[in-house]
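Please follow the chain in the model below, beginning with its cysteines and moving on to its strands and helices.

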Amino acid sequence: MDKTKYIGMDVHKEAISIAVLDSTGKLVMESIIETKAATILQFIQGLRGNLQVTFEEGTWAAWLYDLLKPHVTKIVVCNPRRNALLKEGNKSDRIDARKLAELLRGGLLRPVYHGEVGIRTLKELSRSYLTISKDLGRVMNRLKALYRGWAIPCAGTQVYAPAIARNG
């Protein structure tokens, strides 16, 4: 007998609606839990068998992916725009979680890329560098504008150097 469990999660800021299907498609469990690491891991560790999990790409996706990866057999982070079945019929978090689990069981979900932590860290560092560079440019332009407003000459980059370097 196949011990695979298909877990659909509808993730939100405060709570996650979860539906668990067995290999035959029978609904084994439905639950609503807090969106907190300890609560999520406690729920997952309470399940037995090969655990396959799916949830939609969103604000919480990268964090949840990294949290669950060591504890489950397979994770599919899917694109919400491509899940046509979720748009049909009644809509609620509970129903969405169940439909996600059904789509996962049927192999009908297309995963979106979720790299390892190192790549995400590199992307965040790159984004921070670009943001700081833009901010620095804005501050430098603002400083020169203030000097010009007081008729203080401010050509070149010397205006940005410490006073000791300018006077020495």
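In this predicted model, a search of the whole structure finds zero disulfides. A disulfide is a covalent bond that links the sulfur atoms of two cysteines, and the search counts a pair of cysteine sulfur atoms when they lie within 2.5 Å. As for the surroundings of the cysteines, Cys78 is buried, its relative accessible area being 0%, and Cys154 also counts as buried, at 11% relative accessibility.

The strand to consider next is S5, which spans residues 74-78 and has four of its five residues buried, so that the rest of the structure largely encloses it. Strand S4, made up of residues 51-56, runs parallel to S5 and is joined to it by five bridges; within this pairing, Phe55 has Val77 of S5 as its bridge partner. Between the two strands the chain passes through helix H2, residues 61-68, and the β-α-β crossover that results from S4 to S5 is right-handed.

Further along the chain lies helix H4, residues 93-105, whose 13 residues reach 18 Å from the first C-alpha to the last, close to the 18 Å expected at 1.5 Å a residue. Where, then, are the buried residues of H4? Asp96, Ala97, Lys99, Leu100, Ala101, Leu103 and Leu104 are buried in this helix. When reading such a list, it helps to recall that an α-helix has 3.6 residues a turn, so residues three or four places apart point the same way. Just after H4, Gly107 takes a positive phi of about 70 degrees.

How values were computed
Residues numbered from 1 in each chain as written. Predicted model: local features only at pLDDT ≥ 70, side-chain atom pairs only at ≥ 80, totals over all residues. Heavy atoms only, no water. Buried < 20%, exposed > 50% of the residue type's maximum accessible area, 1.4 Å probe, protein only. Pairing = 2+ DSSP bridges. Right-handed = clockwise from strand over helix to strand, strands pointing away. Expected span 1.5 Å × (residues − 1).
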